[in-house]
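The following exercises concern one protein chain and its bound ligand. Each task is followed by a solution that proceeds step by step.

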Amino acid sequence: MATPRSEFTVADQRRSDLRGPVRWILSHPLRHRRYAAGFLLGSLIMVVLNSAIPGLTGTAFDAVVTGGDEGRRKLAGVVVALVGLVLLRGVFDLIARLCTEVLAKRMERDAREELYTSLLGKSQTFHNRQRVGDLMARAANDVRQLSTMISPGFDLIVDSMLQGLVPIVFIALIDPRLLLAPVLFAVSFYFAIRHYMHRLSPVSTAMRDQFGNLNAGLSEAVRGIEVVKVTAQEEQEARRFETNARSYRDSFVKQGMIQARYLPTLLLAVATGGALLHGLVLYRAGDLSLGDLVAYLGLMGLLGFPTGISIFSFSLVQIGIVSARRILTLIQEETELDQNTAGHQGRMRGEIVFENVSFGYGGEPVVRDLSFRAEPGQTVAIVGETGSGKSTLTKLVNRIYDADQGRVLIDGVDLHDWNLDSLRSQISTIEQDIVLFSRPIAENIAFSLGQRAHRDDVVRAAKDAQAHSFIEELEDGYDTVIGERGVTLSGGQRQRLAIARALLTDPAVLILDDSTSAIDSATEDEIQQAIRRILQGRTTLLITHRLSQIRWADKVLLIQRGALVDQGTHEELLERCALYRRIFAHYDEVAHPEAVPAEVGADRIAEPGEAFTDGVLQPAPAGGPGRTAGPDHDDEEL
Ligand SMILES: Nc1ncnc2c1ncn2[C@@H]1O[C@H](COP(=O)(O)OP(=O)(O)OP(=O)(O)O)[C@@H](O)[C@H]1O
């Protein structure tokens, strides 16, 4: 059976049947055949023993009616048999329950693992589409529904079926003609259940979806609680939550309405009435003894449990199937990339080549026909107005996204031909939005090495990233657990941890996205030095607004609306490209209004109509900011 493509797989991962929710569910208990067999056999024996009780009760009746010594002996025998039977029934009941409980928990565990591994292997494009709350609802609640579907749901159904079938066999043993009422009941029961499941399915689906919506809304509000508070939108959020909660509740009411019209209990009442009538007719005709009649009615009474419980057990199974479908939808979703385990591996030198690369997020291209080359060890600054595609471009290097057209090569090997693990493990990224986990600081730094780093190396990396002193000041030092998304740390501290993390892996290619924007000026120099140190000997793509960083670059790429407008050294671009100068003027206004000192400094950002050359701010060439000599781009707008 086809397994969806994945960016990540576990070596000895067991395959389940993905062809449909029911097959997928069944393929799980089949992995644990011993427990499945223990459950079926235990239930069967338990039900057989159970069904023998009415027969023995009938014999007891006959014994009482017979009377005398023989009657008493018979009665004593029946009592002994009953005690033994009840004890045995208890043992087999215990075995069956134990086995289903193990099966249910293993189903939950296996399904959760399978879903989680599958999510790890999905592409960024897939994750961009997901709402975290809904995903969590599937990973937590839908998976738990699978467990309750097995126990008590499926457990009760098997019990019910056996408890329904075995009495019918015993009834046939008394007199086959007595089968008339139970068989008619069984047939009508089958059709009633089919109808019930058919009606319940869309309601259960809506219910699970609405629970996902409820969760997604809640998770978004909690994650964005700061925005909710500062904009005083608590009331609106409360109303939104109430609307979602009401939809969820309405589904429950609908489910209740369907359950209220559940037919089988009524059908059983009719069947029991018919059975009594039929039994009495046969008794009066002398074809049945009183004991047989009592046993028959007792056996008919045994149908009460499976019928009564079926509304509950079939509902659980129905919800379980819906949950399985929701989980399977995620697992089966095709992802664009695969691990390419047979692909190129080996130490990267760091030569990056873009050949006529275009890429879009589904709509308009965000990167257009872009070509450039970065030699091993070079620092390439990427400059462009906001939204011009700088970050997107860097995400094509480690295959977070794949180019739609053109080729990206590292060390002369097309990215498609690289082993994905080998490729990504040699490229480090320090993103704008740094992600930290709610784990100890040391683990956060060592994360890029799969936590296999030695503490000394972690400390060394932290020192190089200028993070050591603030970590030492924290209560538990390197063992301090930081809050989710690093909220207990300042922006600058988070960035220093990210730098330490990047340092630890010793990557051949480094991508720095606006890496020092959140660092205060007091620590900035130290951080700049740390960053400069980590650039040494690696190919670096540097998205930055900082002049000091741009001046480290061997080459600057100027991007506008996804296209490469010009490339060259900082000085060359200042000299010949008006757009470049204008972008610096723009940064000046937007990003660093305070960063225009009276005197000219190394980090000073050019004003409109000024340009840096050799660290000295020069007046713009005649004609103002838009007029320069050389291959210019005067008519390009910001
Ligand atoms: N995940 C995404 N899905 C859809 N569109 C996206 C996604 N990420 C970015 N974009 C769009 O792609 C364009 C380029 O975004 P990108 O983040 O690459 O620009 P940028 O130059 O790095 O911007 P900035 O300097 O503000 O960080 C923007 O129009 C943006 O809206």
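The model is predicted.

**Exercise 1. Backbone outliers**

Task: Determine where Ala232 is found, and establish whether Ala232 is buried or exposed.

Solution. Step 1: Ala232 belongs to the loop between helix H7 (225-230) and helix H8 (234-260). Step 2: Its phi is positive, about 55°, although Ala232 is not a glycine. Most residues other than glycine have a negative phi, and most peptide bonds are trans. Step 3: A residue counts as exposed if 12 or fewer other C-beta atoms lie within 10 Å of its own. Ala232 has 8 other C-beta atoms within 10 Å and is therefore exposed.

Task: Carry out the analysis for Asp369, beginning with the element in which Asp369 is found.

Solution. Step 1: Asp369 is part of strand S2 (residues 365-374). Step 2: The phi of Asp369, near 40°, is a positive value in a residue other than glycine. Step 3: Because Asp369 has 15 C-beta neighbours inside 10 Å, it counts as partly exposed.

Task: State which peptide bond is described by an omega near 15°, and locate Pro152.

Solution. Step 1: The bond in question runs from Ser151 to Pro152 and is cis. Step 2: Pro152 is found in helix H5 (residues 132-174).

**Exercise 2. Helix geometry**

Task: Compare the end-to-end reach of H6 with its expected value, and locate the kink in H6.

Solution. Step 1: Helix H6 (residues 180-223) contains 44 residues. Step 2: At 1.5 Å a residue, 64 Å is expected, and the distance from the first C-alpha to the last is 63 Å, close to that value. Step 3: The kink, of about 30°, is at Leu200, shortly before the proline Pro202.

Task: Test whether the span of H2 agrees with or departs from the expected one, then inspect the residue that follows H2.

Solution. Step 1: Helix H2 (residues 33-66) has 34 residues, so at 1.5 Å a residue it should span 50 Å. Step 2: The end C-alpha atoms of H2 are 49 Å apart, in agreement with the expected span. Step 3: Gly67 follows H2 and has a positive phi, near 70°.

**Exercise 3. The nonpolar cores**

Task: Identify the members of the largest nonpolar core that touch the most other members, and the helix with the largest share of this core.

Solution. Step 1: The largest nonpolar core has 77 residues, of which Ile382, Ile445, Ile499, Ala500 and Leu558 touch the most other members. Step 2: Helix H17 (residues 491-504) supplies the largest share of this core, 7 residues. Step 3: Apart from this core lies another, of 57 residues, among them Phe185, Phe189, Leu200 and Leu303. In soluble globular proteins, nonpolar side chains tend to be buried together.

Task: Describe H17 by its reach and by how many of its residues are buried.

Solution. Step 1: The 14 residues of H17 reach 20 Å from first C-alpha to last, close to the 20 Å expected at 1.5 Å a residue. Step 2: H17 is mostly covered, with 13 of its 14 residues buried. Step 3: Leaving aside neighbours within four places in sequence, Ala500 is in contact with Ile445, Ala461, Ala462, Ala465 and Ala467. Step 4: Just after H17, Asp506 adopts a positive phi of about 50°.

**Exercise 4. A buried strand residue**

Task: Classify Leu510 as buried or exposed, and list its contacts beyond four places in sequence.

Solution. Step 1: Leu510 is located in strand S7 (residues 509-513). Step 2: The cut-off for a buried residue is 20 or more other C-beta atoms within 10 Å. Leu510 has 25 C-beta neighbours inside 10 Å and so counts as buried. Step 3: The contacts of Leu510 are Ser428, Ala502, Ile534, Leu535, Arg538 and Thr540.

**Exercise 5. The ligand shell**

Task: Analyse the shell around the ligand by class and by the element with the largest share.

Solution. Step 1: The residues around the ligand are Asn128, Tyr361, Val366, Gly384, Thr386, Gly387, Ser388, Gly389, Lys390, Ser391 and Thr392. Step 2: By class, the shell comprises 2 nonpolar, 8 polar and 1 charged residues. Step 3: Helix H12 (residues 390-395) contributes the largest share, 3 residues.

**Exercise 6. The whole chain**

Task: State how many helices and strands the protein chain has, and what percentage of its residues is buried.

Solution. Step 1: The protein chain has 21 helices and 12 strands. Step 2: Of its 638 residues, 38% are buried. Step 3: Among contacts between residues at least 6 apart in sequence, 76% join residues at least 24 apart.

Key: Residues are numbered from 1 along each chain as its sequence is written. This is a predicted model: local features need pLDDT of at least 70, side-chain atom pairs count only at pLDDT 80 or more; totals for chains, interfaces and linings use all residues. A residue is near a molecule or strand if its C-beta atom, placed from the backbone, lies within 6 Å of it. Helices (H or I, at least four residues) and strands (E, at least two) are DSSP runs, numbered from the N terminus. Ala, Val, Leu, Ile, Met, Phe, Trp, Tyr, Cys and Pro count as nonpolar, Asp, Glu, Lys and Arg as charged, and the others, Gly among them, as polar. A nonpolar core is a set of buried Ala, Val, Leu, Ile, Met, Phe, Trp, Tyr and Cys residues joined through C-beta atoms within 7 Å. Two residues are in contact if their C-beta atoms, placed from the backbone, lie within 7 Å. The expected span of a helix is 1.5 Å times one less than its number of residues. The bend at a residue is the angle between axes fitted to the seven residues ending there and the seven starting there.
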